[in-house]
Amino acid sequence: MHIRFDVPADPTYPGRVAAALSSVRLRRYGYIGGVLAAVGAIGFALSRSFAGGDRISPLCVALVVGGLLSMAYSPWVRWRARRRSSRYAVEGAYDITDDNIMMRSGSESGGIAWDGVAQVRDTPQFWIVYVGRMPATVIPRRLMSAEDAETLRAFMAERGLLQLR
């Protein structure tokens, strides 16, 4: 297998990559925030039904506010990543073989050996490549030909790396 494709200098591309990589790691803040807000709301409702509830109400309100802030953290980080990364738009390229994934962006280049890849997650725009438990890079499907994307998908599935979202 030898797949090569170019990445144009699109100002929105680095933001989409940053959002894809950060959403994987930040998803838990939404879950934690939902639990905190639910516990706080239930506690607030229950505190109204018994005599000492006026002492618990501020804690419940704090839980709800903390939960809402936690749920807002992930979208805020993604928005900041998109805003900051727009100035990093440079041309690049991917060169994917049976042995490794080579990436070039501007004057820098790097690679990841397939032997070091723990898993690959499938998202609507990208394949997110993990080294260990950390997302290391993304492979943009929309920049590849349909035949190359299918070849790469079959290669990753054959190696047991591809995890559907």
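Good morning. I begin with the record: the unreviewed UniProt entry carries the annotation "transmembrane region" for residues 29-50 and for residues 56-77. What follows is computed from a predicted model, and the annotation itself comes from that entry.

How do these two spans appear in the model? Residues 29-50 are 86% helix and 0% strand, and the C-alpha atoms at the ends of the span lie 32 Å apart. Residues 56-77 are 100% helix and 0% strand, again with 32 Å between the end C-alpha atoms.

Let me stay with the second span for a moment and consider Ser-70, which belongs to helix 2, residues 53-85. Is Ser-70 buried or exposed? Ser-70 has a relative accessible area of 12%, and because the limit for buried is under 20%, Ser-70 counts as buried. Which residues does Ser-70 contact, leaving aside its neighbours within four places in sequence? They are Tyr-29, Gly-30, Ile-32 and Gly-33. For orientation, helix 1 covers residues 13-47.

I now turn to the overall layout. The protein has three helices and eight strands. Read from the N terminus, the order of elements is β-α-α-β-β-β-β-β-β-α-β. Of its 165 residues, 36% count as buried. Among contacts with a separation of 6 or more, 60% are between residues 24 or more positions apart. The accessible surface is about 9800 Å², and carbon and sulfur atoms account for 58% of that surface.

Next, the sheet. Four strands make up an open sheet, in the order 1-2-3-4, with antiparallel pairing. Strand 1 and strand 4, the latter at residues 108-113, are the edge strands; each has a single partner strand, so one side of each has no neighbour in the sheet. On average, neighbouring strands here are turned by 10° against each other, direction ignored. As a general reminder, strands of a sheet pair through backbone hydrogen bonds, in either a parallel or an antiparallel manner. Between strand 1 and strand 2, which run antiparallel, there are six bridges. His-2 is positioned opposite Thr-97 of strand 2.

Within strand 3 we find Met-102. Met-102 is partly exposed, at a relative accessible area of 35%. Setting aside residues up to four places away in sequence, Met-102 touches Ala-93, Tyr-94, Asp-95, Gly-110 and Gly-111. From Met-102 to Ala-113 the distance is 8.6 Å, C-alpha to C-alpha, at a sequence separation of 11 residues.

Finally, the interior. The largest nonpolar core has 28 residues, and those touching the most other members are Trp-114, Val-120, Trp-127, Ile-139 and Leu-152. Which elements each supply at least two residues of this core? They are strand 1, helix 1, strand 2, strand 3, strand 6, strand 7 and helix 3. The largest share, five residues, is contributed by strand 6, which spans residues 126-131.

Leu-152 serves as a useful example. Apart from neighbours within four places in sequence, Leu-152 contacts Met-1, Ile-3, Ile-96, Trp-114, Trp-127, Ile-139 and Met-144. Of these, Trp-114, Trp-127 and Ile-139 are also named among the core residues that touch the most other members.

To close, I return to the two annotated regions, residues 29-50 and 56-77: the model gives 86% helix for the former and 100% helix for the latter. Thank you for your attention.

Technical notes:
Residues numbered from 1 in each chain as written. Predicted model: local features only at pLDDT ≥ 70, side-chain atom pairs only at ≥ 80, totals over all residues. Heavy atoms only, no water. Core = buried A, V, L, I, M, F, W, Y, C linked by side-chain atoms within 4.5 Å. Buried < 20%, exposed > 50% of the residue type's maximum accessible area, 1.4 Å probe, protein only. Contact = heavy atoms within 4.5 Å. UniProt positions renumbered as here; feature names shortened; annotations may be inferred. Pairing = 2+ DSSP bridges. Axes fitted to C-alpha atoms, helices over the stretch in contact; angles between N-to-C directions. Areas by Shrake-Rupley, 256 points an atom, 1.4 Å probe, with all protein chains shown as cover.
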